[in-house]
Amino acid sequence: MKSKKLIIVGAIVVVAIVVLVVMLSNRTSKEEKVATAFIEAIESQDYDKLAPLISVKKTNDEKNSKAVVARYKNVFSSIETTKTQVSAIKMIQNKATDTYEFSYTARFKTFLGWTNKMKYKGTVVKTDGEAKVVWEPSLIIPFMSPGDKIAVSEDEAVRGAITDVAGNNLAYNKRQKQAGLYPKQLTEGKGKEANLTAIAALFKLEKKTLEQELAQEWVNDESFIPLKIVPLSFKVPDDINGVTMNEVTARFYPYGAAAAHLIGYVGEVSAADIDKEPSYKAGDLIGKAGLEATYNTRLKGKNGGTITVTNDVTGKADEIQSQKAVAGENIQLTIDGELQKQAYAQLKETVGSYTALDPKTGGLTALVSSPSYDPNEMTAGISTAAYQKLAANKNLPFLARYTARFAPGSTFKTITAAIGLDAKVIDPTQAQAISGLKWQQDKSWGDYFVTRVSDVPQVNMTAALVYSDNIYFAQEALTIGQKRFEAGLEKLPFDESLKLPLEMDKAQLSNKGIDTDILLADTAYGQGELLMTPIDQVTMYSAFANDGAIVYPHLEVKDKRKDKAVFTKSAANTVTKALYETVNRTAGTAHGLQTTGQEIAAKTGTAEIKDKQDTKGDENSFVLAFDTTTASYVSVTMVEKSNKNLKNKKIVELTKPILENYYQK
């Protein structure tokens with residue numbers, strides 16, 4: 001029984017406390033509630049809630065509460081306020097005047113960042129039995145008086161340049177012309193329809209697009225309707241009316257299509273961009289592709305400006321906030337613009353890439369992909385039809401092929417050779433007897449055979465590289481064994497991020513490990529489940545130009561060289577000597593690269609893409625090349641579907657002019 005009484009007594013106490021809390025809460029005056037609601041509306045930027053809370057003096061410009069709400073919206077939208085923070089709220093009852101006085105501090109996040117904290121004071125009185133905040137302009141900005149205006153000036157930051165290793169501009173701001181429609185003159189000369197047709201043809205735009213631009217609500221006879229960025233030298237033919245020009249500073253890409261995939265381009269922010277980053281506003285230019293997008297924050301800098309309150313009587317301006325514009329960072333790449341241009345000139349009629357690395361520094365000196373597009377056209381204002389034509393191109397001109405993964409083909413035999421040498425399995429001088437053009441380990445392989453091109457009866461390591469013998473390397477990999485082979489490969493950056501500012505997947509050795517002898521054999525000569533980007537290839541093959549240590553690639557001059565030993569110096573140099581023979585022997589697959597005055601080592605490779613054996617599939621061709629004297633470059637040329645896209649040319653014929661014209665110094 002005692003325990004039950006205690007429970008009942010406890011329940012009575014709880015009820016009493018609840019009643020007391022309710023009574024205390026009811027003691028909060030109407031004035032305090034109104035002041036609190038006023039402050040909460042300011043902090044949440046829900047200005048419509050202010051209307052029933054305020055009383056407007058007749059001496060103010062605003063005649064009623066709706067006008068006050070409109071002014072709040074105008075002021076804080078003009079300074080692009082996104083957040084408001086309120087603190088230090090105090091409320092004091094003045095019994096002598098029967099009013100409540102409240103104060104608080106507030107700061108606002110505008111397009112210039114956070115303002116300093118500002119101190120606010122207000123009064124709540126009873127009007128016709130209702131509590132109201134006595135509204136004054138000082139409740140918008142503390143030093144505002146009736147009639148004062150907000151003035152906003154914006155100082156746009158200068159976007160930083162992207163330069164090559166020698167300081168040549170790859171992307172910069174250039175004085176150009178902004179061509180635009182001038183509606184008032186469209187009816188002159190040949191008439192509106194004929195002028196629009198001629199203007200559409202002149203700027204490679206659709207007439208329908210021009211008509212849509214003219215139909216916008218804000219357009220009148222004196223409007224300037226931007227169409228396209230053009231060079232300063234551009235002139236409109238005399239017989240075309242309705243176009244006018246303004247000089248502007250616009251982004252320019254001097255290497256055009258040659259560096260488009262790498263550098264990218266800028267464009268106006270979209271609604272989706274603003275959703276992701278609320279600090280953006282309509283009309284802002286941001287990087288849309290390539291390094292312009294990746295480095296956008298560093299390149300764009302920080303806009304500046306001033307927000308002031310201008311006194312209606314004296315004209316004096318009191319500053320709310322001021323911020324100096326900070327120019328964007330200039331970014332210097334390891335890319336060599338001249339090499340980039342020359343490589344693109346060789347590749348632009350095919351589908352492929354050229355990738356080059358300086359093994360002395362680790363800097364990537366060329367990243368070329370073809371087909372390409374003109375980034376200046378994208379920035380200037382590409383037509384819908386022109387963009388759709390690019391997007392529909394089956395050869396994917398927006399794809400950066402140096403970041404796409406492919407089976408490396410026979411260039412990978414260099415890796416197998418080095419692993420075999422270090423494992424003491426390959427004796428480079430020992431000839432191996434191989435009969436015929438196809439081979440299998442035993443009958444357990446069923447109808448699967450490894451094939452080769454040349455029926456050479458006695459093959460040592462050098463000859464196998466010179467003639468690119470698949471069977472030799474398949475047999476050597478089986479002798480090395482899966483465990484030792486994978487142990488050698490694990491030293492290389494497979495399934496490892498190269499930490500470049502580029503979108504690319506990691507190099508893949510296999511799907512789930514090298515779990516069969518057939519896969520081991522195929523991997524040895526660069527097929528199987530191997531997937532590598534051309535950047536991965538120059539990285540791994542740099543070991544042969546660097547005494548057995550790979551050099552990790554980087555793209556900015558400020559980055560430091562980083563390398564890692566993966567082969568012994570002896571193994572690397574032995575493979576290099578064999579690759580030198582591949583160029584200098586008449587029967588060598590890379591003999592076409594032999595160049596007077598240069599000591600080039602090279603290896604060609606072809607990876608066949610087919611559904612099953614004994615069928616003909618598409619081929620991707622590669623050529624690895626590096627110099628054996630000064631270690632000035634390691635390069636990989638790639639042609640996709642070379643059986644179709646090389647057009648009776650050899651891949652070495654594309655590569656040789658690059659090596660001759662650029663490296664012959």
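Contact here means heavy atoms within 4.5 Å. With that in hand, welcome to a set of close-up views of a predicted model.

**View 1. Thr 110 and the residues that it touches.**
Let us start in strand β3, which covers residues 99–110 and holds Thr 110. Which residues does Thr 110 touch, not counting those up to four places away in sequence? They are Ile 79, Glu 80, Thr 81, Thr 115, Ile 307 and Gln 321. With Gln 321, the side chain of Thr 110 also makes a polar contact of 2.6 Å. Thr 110 has a relative accessible area of 6%, so this residue is buried.

**View 2. An open sheet built from β7, β14 and β15.**
Here you see 3 strands in the order β7-β14-β15, paired in the antiparallel sense to make an open sheet. Which strands stand at the edges? They are β7 (149–155) and β15 (317–323); each has a single partner strand, so one side of each is left without a neighbour in the sheet. On average, and ignoring direction, neighbouring strands of this sheet are turned by 15° against each other. The antiparallel pairing of β7 with β14 (residues 304–310) runs over 7 bridges. To find one of the bridge partners, look for Lys 149, which is matched with Thr 310 in β14.

**View 3. Arg 159 in the loop after β7.**
Moving on along the chain, we come to Arg 159, in the loop between β7 and β8 (162–163). Is Arg 159 buried or exposed? Its relative accessibility is 12%, so Arg 159 counts as buried. Beyond its neighbours within four places in sequence, Arg 159 is in contact with a list of residues that includes Asn 173, Arg 251, Val 266, Leu 285, Ile 286 and Gly 287. Glu 292, Asn 296, Leu 299 and Lys 300 are also among its contacts. With Asn 296 there is a side-chain polar contact of 3.1 Å. As a guide to distance, the C-alpha atoms of Arg 159 and Leu 364 are separated by 24 Å, and the two residues are 205 apart along the chain.

**View 4. Asp 336 and its polar contact with Tyr 662.**
The loop between β16 (331–332) and α10 (337–347) is the place to look for Asp 336. The side chains of Asp 336 and Tyr 662 make a polar contact at 2.2 Å. Leaving aside neighbours within four places in sequence, Asp 336 is in contact with Asp 164, Val 165, Thr 365 and Tyr 662. The relative accessible area of Asp 336 is 14%, which means that this residue is buried.

**View 5. Aromatic rings in pairs and in a cluster.**
How many aromatic pairs are there? The count comes to 21 aromatic pairs. One of them joins Tyr 373 and Phe 398, edge-to-face, with 5.1 Å from centre to centre and 65° between the planes. Tyr 373 lies in the loop between β18 (364–370) and α11 (375–381), and Phe 398 in the loop between α12 (384–392) and α13 (413–422), so this pair ties together parts that are 25 residues apart in sequence. Tyr 373 is buried at a relative accessible area of 7%, whereas Phe 398 is partly exposed at 34%.

Phe 412 and Phe 494 also meet edge-to-face, at 6.4 Å from centre to centre and with 70° between the planes. Phe 412 belongs to the loop between α12 and α13, and Phe 494 to the loop between α16 (482–489) and α17 (517–524), so the pair links parts that are 82 residues apart in sequence. Both of these Phe residues are buried. Elsewhere, ring pairs link Tyr 47, Tyr 72, Phe 76, Phe 108 and Trp 135 into a cluster.

**View 6. Lysines over aromatic rings.**
Lys 174 places its charged end over the ring of Phe 252, 4.0 Å from the ring centre. In another such arrangement, Lys 562 lies over the face of Tyr 552, at 4.9 Å from the ring centre.

**View 7. Helix α15 and its two ends.**
Our last stop is helix α15, residues 470–480, which is mostly covered: 10 of its 11 residues are buried. Among them are Ile 471, Tyr 472, Phe 473, Leu 478 and Ile 480. At the N-terminal end, Asp 469 caps the helix, with a side-chain oxygen 3.0 Å from the backbone nitrogen of Ile 471. Following α15 comes Gly 481, with a positive phi near 90°.

Note on methods:
Residues numbered from 1 in each chain as written. Predicted model: local features only at pLDDT ≥ 70, side-chain atom pairs only at ≥ 80, totals over all residues. Heavy atoms only, no water. Pairing = 2+ DSSP bridges. Helix = DSSP H or I, 4+ residues; strand = E, 2+ residues; numbered from the N terminus. Axes fitted to C-alpha atoms, helices over the stretch in contact; angles between N-to-C directions. Phe/Tyr/Trp six-rings, centres within 6.5 Å; stacked < 30°, edge-to-face > 60°. Buried < 20%, exposed > 50% of the residue type's maximum accessible area, 1.4 Å probe, protein only. Lys NZ or Arg CZ within 6 Å of the ring centre and 35° of its normal. Polar contact = N/O pair within 3.5 Å; in protein donor to acceptor, adjacent residues only side chain to side chain.
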